Amino acid sequence: MKAKIIITPKKAVLDPQGKTVQTALEHMGYTGVTGVHIGKYIEIDLAPGTDKAAASKALNEAAHKLLSNPVIEDYRLEIE
Amino acid sequence: MNFSVLQFPASNCDQDAVHAVRLLGHSARLVWHKDAALGDTDCVIVPGGFSYGDYLRCGAIARFSPVMQAVKQFADNGGLVIGICNGFQVLTEAGLLPGALIRNRDLQFHCENIFLKTATNDSPFTSQIPAGKILRVPIAHGEGCYFADEETLAKFKANNQILWQYCDASGNLTDTANPNGALQNIAGICNEKRNVAGLMPHPERACEPLLGSDDGKWIFESIFAALKNKTVAVAG
């Protein structure tokens, strides 16, 4: 089993990396790009047969406490 | 006065902080990050540098160290805590100070002297800074862009929690004087109780003329004065 946590900067937070990459894409000739947001992707391996609901609860807590900073980041949790 | 300067793996301004405090006539010692107690302490300095590789986010792992639990308790009891640079990042991650520090807006590491305007003298960290004095102190950071939501900024205004702002040599809060894109040119803040402060600039590197500026000493002199008053108050 695997948990995937995708962390992105909050909309109101300055994302200079995203802005720089967006400009680079435009310079390369890619049109129609209206925004680039750079975040983090974390993969967590879980023991086989782990209870999905319990894992979700624990990982949401971990994501809130450590993996993401709620002041500046949003996250999305997927367990598969 | 006894200063405890924390030491994390990769702290690199810890010795500077100890040196500055001793130079100004008080005692300071290093406290290892694995220590669960601070010992006899009047003020804690969370120094600059890095901590635990700053993996994930700056200061994100350091806040779970045993010594930080002791610092939290010390702060909860009203003890004075000041975080400098990475120390500021650690204190925000630990929830002892609001907001967060993100990547500089130009994505570059800035190592230079900047000017600081003191926004209020009403704190244990600013009380002795002469009125109108513009402090010239160095910065050295890649992630010093202060961010907080609107609600927090409104609270800062209501409670006078902004302590220092980046300015030009004449004290104007301009955008060009802002090295990292921090909201409202914020360089340093304090908590609501005013006993915990954090700032990105390095006052400990500007406490003697030999280093080009001794303006940083005013911040330490403010802490000394606050501790002296406190001792008198407790004794009285």
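**Figure 1. A bridge pair between A:T8 and β3 of chain A.** In this predicted model, A:T8 finds its bridge partner in β3(A), and that partner is A:D74. Zoom out a little and you get the strand pairing around it: β1 of chain A, residues 2-9, runs antiparallel to β3(A), with seven bridges holding the register.

**Figure 2. The open sheet of chain A, with its three strands.** Read across the sheet and the order is β2-β1-β3, with antiparallel pairing. The edge positions go to β2 (40-45) and β3 (73-79) of chain A; each has a single partner strand, so one side of each is left without a neighbour in the sheet. As for twist, neighbouring strands here are turned by 15° against each other on average, if you ignore direction.

**Figure 3. Helix α2 of chain A on the sheet.** Here the view moves to α2, residues 52-67, which lies across β1, β2 and β3 of chain A. Its direction relative to β3(A) comes out at about 160°.

**Figure 4. Where chain B touches chain A.** On the chain B side, 14 residues are in contact with 10 residues of chain A. Two strands of chain B, β5 (100-102) and β8 (145-147), each supply at least two residues of that side. Sort the chain B residues of this contact side by type and you get six nonpolar, two polar and six charged.

**Figure 5. Chain B as a whole, for orientation.** Chain B holds five helices and 11 strands. Its C-alpha atoms fill a box of roughly 45 × 40 × 40 Å along the principal axes. Is the radius of gyration what a compact globule would have, or not? For 236 residues, such a globule would come in near 18 Å, and chain B has 16 Å, which agrees. Of the 236 residues in chain B, 53% are buried. Look at contacts with a separation of 6 or more in chain B, and 75% of them join residues 24 or more positions apart.

**Figure 6. Inside the largest nonpolar core, around B:I223.** This core has 76 residues, and the members that touch the most others are B:I45, B:V81, B:L116, B:L163 and B:I223. Take B:I223 as the centre of the close-up: leaving out residues up to four places away in sequence, B:I223 touches B:C43, B:L80, B:I82, B:P124 and B:F125. Another core, of five residues, lies apart from the largest one; among its members are A:A3, A:I5, A:L59 and A:L67.

Notes: Residues numbered from 1 in each chain as written. Chains lettered and ligands numbered in written order. Predicted model: local features only at pLDDT ≥ 70, side-chain atom pairs only at ≥ 80, totals over all residues. Contact = placed C-beta atoms within 7 Å. Helix = DSSP H or I, 4+ residues; strand = E, 2+ residues; numbered from the N terminus. Nonpolar A, V, L, I, M, F, W, Y, C, P; charged D, E, K, R; others polar. Pairing = 2+ DSSP bridges. Axes fitted to C-alpha atoms, helices over the stretch in contact; angles between N-to-C directions. Rg over C-alpha atoms; globule rule 2.2 N^0.38 Å. Buried ≥ 20, exposed ≤ 12 C-beta atoms within 10 Å, placed from the backbone. Core = buried A, V, L, I, M, F, W, Y, C linked by C-beta atoms within 7 Å.
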